[in-house]
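Reader: I have a structure open and do not know how to read it. Could we go through some features one at a time?

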Amino acid sequence: NHKIIVIIIKERSNASREVESIEPENCHLIEEIENGSEDIDILPSGLAFISSGLKYPGLPNFAPNEPGKIFLIDLNEQKPRVQALEISGGFDKELFNPHGISIFIDKDHTVYLYVVNHPHMKSTVEIFKFEEQQRSLVYLKTVKHELLKSVNDIVVFGPEQFYATRDHYFTNSFLLLFEMILDLRWTYVLFYSPREVKVVATGFSSANGITISADQKYVYVADVTAKNIHVMEKHDNWDLTQLKVIHLGTLVDNLSVDPATGDILAGCHPNLMKLLLYNPDDPPGSEVLRIQNIMSEKPRVSTVYANNGSVLQGTSVASMYHGKILIGTVFHKTLYCEL
């Protein structure tokens with residue numbers, strides 16, 4: 001029986017896949033970021049927020065004793081520099097373990113940053129106000145709820161209104177393996193608001209990245225171990241209905257939408273086994289896919305970036321701004337390219 005289990009795990013994790021390099025010419029690594037850039041969200045002005053330093057069970061981390069950080073980078077600059085944002089307002093920075101992030105811009109143009117946090121490996125959502133002049137974050141509040149478990153990513157729609165993904169059901173590592181082998185599909189998308197909290201979509205192997213279409217009508221959810229993207233229609237009561245599933249054959253992590261084109265960019269893991277069984281001599285590769293015309297009969301999937309791990313390891317996200325792209329990773333570096 002154990003042979004069957006090994007075969008299943010290898011198939012689910014793309015264990016035998018190697019990646020062919022596809023690298024744009026104008027790319028360079030961002031200096032200051034060494035310990036991951038798991039999620040990236042960019043303001044319409046070109047200021048990008050980067051979540052760094054994620055500690056996640058079973059995944060590599062090069063700075064286990066350092067708290068996580070939120071970095072800011074201005075993509076309008078000729079040579080964009082990065083800075084760590086100061087956090088004020090009585091927030092416990094020592095336990096900061098940031099994962100998925102989402103920007104919300106209020107009617108009065110105030111910018112809020114919502115951050116999935118895992119203090120003591122639990123899941124909370126932290127709400128910060130962004131002070132652009134001071135280039136800092138002011139801590140406002142922590143959102144906790146019994147359904148906000150194993151949260152991976154969020155997308156915010158209004159004040160304290162967001163969708164969140166749950167990426168695994170069990171927290172025990174043995175049961176997690178069991179969950180993956182049996183493909184239990186017990187993970188979900190949750191809607192949270194102060195008035196109502198409910199599960200709005202179910203049946204995912206491991207619901208991961210989530211984002212919204214440019215017209216705010218559709219929600220895109222990455223199912224990492226199923227290697228696909230679910231296109232969901234959003235209803236007035238916040239429920240989601242599945243319209244279609246795009247199969248990609250690679251482990252899809254975070255999603256973003258290019259504001260200029262509406263294309264979806266997906267940060268992907270070509271081979272999950274290399275990520276889980278980290279070997280610096282044979283590191284996990286990176287892959288960024290672009291999905292065009294996702295609502296059409298035949299969406300077009302192309303590779304924007306691919307590397308075998310020699311430059312960038314464990315890509316989790318890619319975000320575009322005016323033909324520039326930031327490519328983030330779970331635990332490694334960050335790449336900036338001009339396409």
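Author: Start with one residue. The model is a predicted one. In it His99 has a relative accessible area of 2%, so His99 counts as buried, the limit being under 20%.

Reader: Where is His99 placed, and what does UniProt call the position?

Author: His99 belongs to strand S7. The UniProt record, an unreviewed entry, gives "active site" for His99. That label comes from the record, and such annotations may be inferred rather than shown by experiment.

Reader: Which residues does His99 touch?

Author: A contact list leaves out residues up to four places away in sequence. For His99 the list holds Glu38, Asp39, Ser51, Leu54, Tyr56, Val116, His118, Val151, Asn152 and Asp167.

Reader: Which residues does UniProt list under "binding site"?

Author: The unreviewed entry names Glu38, Asp39, Ile101, Asn152, Asp153, Asn208, Asp253 and Asn254. These positions are spread over 217 residues of sequence, yet they cluster in space, with a largest C-alpha distance of 13.3 Å.

Reader: Take Ile101 from that list. Is Ile101 buried or exposed?

Author: Ile101 is buried, because its relative accessible area is 3%. Ile101 sits in strand S7, which covers residues 98-105. Among the residues that Ile101 touches are Asp39, Phe49, Ile70, Leu113 and Asp153.

Reader: Where is Asp153 found, and what does Asp153 touch?

Author: Asp153 is part of strand S11. With a relative accessible area of 2%, Asp153 is buried. Its contacts include Asp39, Ile101, Tyr163, Asn208 and Asn254.

Reader: How do I read a sheet?

Author: Strands of a sheet pair through backbone hydrogen bonds, either parallel or antiparallel. Here, one open sheet has four strands in the order S11-S12-S13-S14, and the pairing is antiparallel.

Reader: Why is one side of S11 and of S14 left without a neighbour in the sheet?

Author: Strand S11 (151-158) and strand S14 (197-204) stand at the edges and have a single partner strand each, so one side of each is left without a neighbour in the sheet. Ignoring direction, neighbouring strands of this sheet are turned by 20° against each other on average.

Reader: How many bridges join S13 and S14?

Author: Strand S13, residues 187-192, pairs with S14 over six bridges in the antiparallel sense. For one bridge, find Tyr188; its partner in S14 is Thr202.

Reader: What does a hairpin look like in this model?

Author: Look at S23 and S24, a hairpin with two residues between the strands. Strand S24 takes in residues 324-329, and S23 pairs with S24 in the antiparallel sense over six bridges. Tyr321 stands opposite Lys324 in S24. His322 takes a positive phi near 50° in this hairpin. As for cover, strand S23 (residues 315-321) has seven of its seven residues buried.

Reader: How many residues are in the largest nonpolar core, and which have the most contacts inside it?

Author: The largest nonpolar core has 18 residues, and Phe49, Ile70, Leu113, Phe128, Phe130 and Leu137 have the most contacts inside it. At least two residues of this core come from each of S3, S4, S7, S8 (111-117), S9 (124-131) and S10 (136-143). S8 gives the most, with three residues.

Reader: What about a loop residue such as Ser123?

Author: Ser123 is in the loop between S8 and S9. A loop position can still be covered: Ser123 is buried, with a relative accessible area of 12%. Its side chain reaches the backbone nitrogen of Val151 at 3.1 Å. A polar atom of the Ser123 side chain also lies 3.3 Å from the backbone nitrogen of Ser150. Both Ser150 and Val151 appear among the contacts of Ser123, along with Asn117, His118, Leu148 and Lys149.

Reader: Where does Phe62 lie, and how far is Phe62 from His269 in space?

Author: Phe62 lies in the loop between strand S3 (47-52) and strand S4 (69-74). Phe62 is partly exposed, with a relative accessible area of 42%. Phe62 touches Glu34, Asn35, Tyr278, Phe331 and His332. From C-alpha to C-alpha, Phe62 and His269 are 19 Å apart in space, and 207 residues apart in sequence.

Terms used
Residues numbered from 1 in each chain as written. Predicted model: local features only at pLDDT ≥ 70, side-chain atom pairs only at ≥ 80, totals over all residues. Heavy atoms only, no water. Pairing = 2+ DSSP bridges. Axes fitted to C-alpha atoms, helices over the stretch in contact; angles between N-to-C directions. Buried < 20%, exposed > 50% of the residue type's maximum accessible area, 1.4 Å probe, protein only. Contact = heavy atoms within 4.5 Å. Core = buried A, V, L, I, M, F, W, Y, C linked by side-chain atoms within 4.5 Å. Polar contact = N/O pair within 3.5 Å; in protein donor to acceptor, adjacent residues only side chain to side chain.
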